Structures are given as structure tokens and as C-alpha cells.
Amino acid sequence: MKRFRRLRQSEAMRTFVREHEIRVKDLIYPIFVTEGETAPVPSMPGIHQYALNDLHEELDRVTAAGIPAVLLFGIPEHKDEIGSEAYNENGITQRAIRFIKERYPALLVIADVCLCEYTSHGHCGLVHEGHILNDETLPLLSKAAVSLAKAGADIVAPSDMMDGRVAAIRQALDDGGLALTPIMSYSAKFASGYYGPFRDAAGSAPQFGDRRSYQMDVPNGREALREIEDDLREGADMIIVKPALGYLDILARSRDAFDVFTVAYNVSGEYAMVKAAAQNGWIDEKRIVLENMLSLKRAGADRIITYHALDIARWLGD
Ligand code: PBG
Ligand code: ZN
């Protein structure tokens, strides 16, 4: 008989043969910076929108915990049809980046590149007669990426899902003297119900329609691989699969197919569900979160973007 239990008989033995582990160095923490007042996000317990003046409190916690990188989302006061604040060099996100790089130079700043937090209609691209325009949106995304990189972002992360945006952004960065700014592309981003709490947090819910004409259709796995392949060909340095937990197949297949640094985005709805069940005493939060993170590592994630990052760092330190 093959006795699998030989290697499970003690904690020391189990630790010895463990294939994967979760480390604080694997985590990327999303942060919302607002031009308004600091406020909690009701659907995401523990998460706040931070005014620039209060941002240092959160960043002190992040750096003390040893979390290596943050993913930054800006929430502007002023929104318009063309998302002007996304590429305003004095926009909230650009100011936040300059502040972080000045005060916390060793912390990696990944800037989300999209228009939806900045547009009055809440879509990720320009809108014409109810349609989301693709090619016309590319120059605006490129301008946003360049202005975020100029403000000091270490990495830009386009999340809009317009076709051709990685190539456009790469070209604009190169032309702008930013050839060394890497692109972490949200390559396989699905039109998911799991983004609900984020849209409250970022005030970016579409005012009409939905995002299904640009984000991926949930049932399509092979298409996700083609999206990733195309982004790599266009010049993506790293890729993101999003959401994470329902999409472990995409992560695993992508990891097998492409030799590229792969990031899983454990999104707002995934976080909210765990928090809600934990607050009701229905699950053991620490155990469930660590299990979720290990599942992502096992599926092939090199790094994980997660709102649980500060909690995880605390638990790993315990
Ligand atoms: C913006 C963006 C979204 C998320 C990350 N970047 C929202 C969306 O596409 O609707 C979702 C993140 C989350 O749910 O945690 N394009
Ligand atoms: Zn968007």
C-alpha cells in the first residue's frame, strides 16, 4: 500500500514537504486615494478611501508590515466625459504617487490605468451614442499612463480592456523617455459580478449599460489565453488574471502556456464575501483567507493583489 500518511504525521513533517507557502513579499495591497474626505467603504470592512493628508497612516502600516507594493486607485472630485483627471499632472493619483515616492521611496507604486474612476459615465473608455469607443480611447489611456509614470509610478497597470492598449501605452512610454517603466497588464479581466464593492469604493459604476462589450465573457477560457498572448506580444512585462478564486483554471493554464510573471487579483467581491461570513462567525477568517491565498499560489500565481494583505501580514507574523 502507498502510505501517503507517512508524510502527514506531524507538523514538522508536513512543513518539510510543503510545496507552496504564502509570504508577505507575495502581496500587493490596493489603496484608494480620494480628493474628498477619508471614509470607510461600507461593503469592504477594514478598507477606506484615504484623503492625501491621511494616506501616511495606511502607508506606515503597509511598510511596517513589509508589504512590497501598493496598487493605487485615484478618486477625483471632478469627473467628465473624457476623464480629464486621469491625465492631469496635478490629479489626485499623480499627487498621491509623488507623495508616496517622496516619503516611502522603497515602496513600489503600481498605478492602475483606466478612465472609469474619472469619467462621468463610469465607463473605461470614451462613449459615443451609447457605444464604448476603442481606438479613440487609446490616446487617453496612453496619456494617463505617461502622466502616472512621470509622477513616479514604478509600474503601470492598464485595466480598461480596450484592444491594442498595451502597444499604445508602450509606444507612448517609450516616446516619453519612460522606456524602463514596466507594464503589468490586466490581460485576462472578466466582466464579473465580483467587482461590485470596488465600484462603491471607487465611485466607478457605469451610469448606463455594463462592461460586457470590453471585459471578457465569463465562460471563455481559451479566449483568455489568446488575450494574454496578445498582450505579451504587444509588450506587457507581467500579466494579471482577474478575478482570482473563480478563475484558478485560467491562472493554471496561463502559467503552463507562458513563461511570464503572473499576478492574481483577489477582487473586492471575493474580499467582501469572506469578511461578511467572518463577521457573522460562520467561518474562521484567518484559515479561509490563507487557504484562498495558497490556492492562488498553487494554481500558479507569482504575486497576489489582495485587500487582505495587512491582515495576512499580521497573521504570518503571529
Ligand atoms: C477599473 C478597475 C476595476 C477593478 C480594478 N480596476 C473595476 C471594474 O473594472 O469594474 C476591480 C477591482 C476589484 O473589484 O477589487 N477598471
Ligand atoms: Zn475601468
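Here is a student and a tutor talking through the labels used for this predicted model.

Student: What should I know about the model before we start?

Tutor: It's a predicted model, where local features need pLDDT of at least 70, side-chain atom pairs count only at pLDDT 80 or more, and totals for chains, interfaces and linings use all residues. Residues are numbered from 1 along each chain as its sequence is written, chains are lettered from A and ligands numbered from 1 in the order in which they are written, and side-chain values use heavy atoms, with hydrogens and water left out.

Student: What makes the arrangement around the zinc ion (ligand 2) tetrahedral?

Tutor: Four donors count as tetrahedral if all angles lie between 85 and 135 degrees. Around this zinc ion the four donor atoms subtend angles of 98 to 121°, so the arrangement is tetrahedral.

Student: Which protein atoms are donors of the zinc ion (ligand 2), and how do you know that they qualify?

Tutor: Cys-114, Cys-116 and Cys-124 each offer their SG, lying 2.2 to 2.3 Å from the ion. Donors are N, O and S atoms within 2.8 Å of the metal (3.2 Å for Na, K and Ca); water is not among the atoms, so sites may look incomplete. The spacing of the donor residues in sequence reads C-x1-C-x7-C.

Student: Why are Cys-114 and Cys-116 called buried?

Tutor: Buried means under 20% relative accessible area, exposed over 50%, partly exposed in between (1.4 Å probe, protein chains only). Cys-114 has 2% relative accessibility, so it counts as buried. Cys-116 has 6%, so it counts as buried too.

Student: How do you know that Thr-137 is buried, and what does it touch?

Tutor: Its relative accessible area is 0%, so buried is the right word. Contact means heavy atoms within 4.5 Å, and Thr-137 touches Leu-115, Cys-124, Gly-125, Leu-126 and Met-162, leaving aside residues up to four places away in sequence. Thr-137 sits in the loop between β7 (131-132) and α4 (138-151). From Thr-137 to Leu-115 is 22 residues in sequence and 9.0 Å in space, C-alpha to C-alpha.

Student: What makes α9 a helix, and how does its reach compare with the expected span?

Tutor: Helices (H or I, at least four residues) and strands (E, at least two) are DSSP runs, numbered from the N terminus. α9 (residues 268-279) has 12 residues. The expected span is 1.5 Å times one less than the number of residues, and α9 reaches 16 Å from its first C-alpha to its last, close to the 16 Å expected.

Student: Why is α9 called mostly covered?

Tutor: Nine of its 12 residues are buried, among them Ser-268, Tyr-271 and Val-274. The buried residues pack against α6 (196-202), β11 (261-266), α10 (285-299) and α11 (309-317).

Student: Ser-268 turns up beside ligand 1 as well. What makes its approach a polar contact?

Tutor: A polar contact is a pair of N or O atoms within 3.5 Å; within protein, one must be able to donate a hydrogen and the other to accept it, and residues adjacent in sequence count only if both atoms are side-chain atoms. A polar side-chain atom of Ser-268 lies 2.7 Å from an oxygen atom of ligand 1. For Arg-211, a polar side-chain atom is 2.9 Å from a ligand oxygen, and for Asp-112 one is 3.5 Å from a ligand nitrogen.

Student: How many residues surround ligand 1?

Tutor: There are 19, and the closest are Lys-189, Arg-199, Lys-242, Ser-268 and Tyr-307. A residue is near a molecule or strand if one of its heavy atoms lies within 4 Å of it.

Student: Why is Glu-58 called buried, and which side chains does it have polar contacts with?

Tutor: Glu-58, in helix α2 (residues 55-65), has a relative accessible area of 3%, so it is buried. Its side chain meets those of Tyr-50 at 3.1 Å and Arg-61 at 2.8 Å.

Student: Is Glu-129 buried or exposed, and what is the sign of its phi?

Tutor: Its relative accessibility is 69%, so Glu-129 counts as exposed. Its phi is near 45°, a positive value in a residue other than glycine. Most residues other than glycine have a negative phi, and most peptide bonds are trans.

Student: Where is there a cis peptide bond?

Tutor: One joins Lys-242 and Pro-243, with omega about -5°. Pro-243 is in the loop between β10 (238-242) and α8 (248-257).

Note on methods
Tetrahedral: all angles 85-135°; square planar, octahedral: opposite > 155°, others 65-115°.
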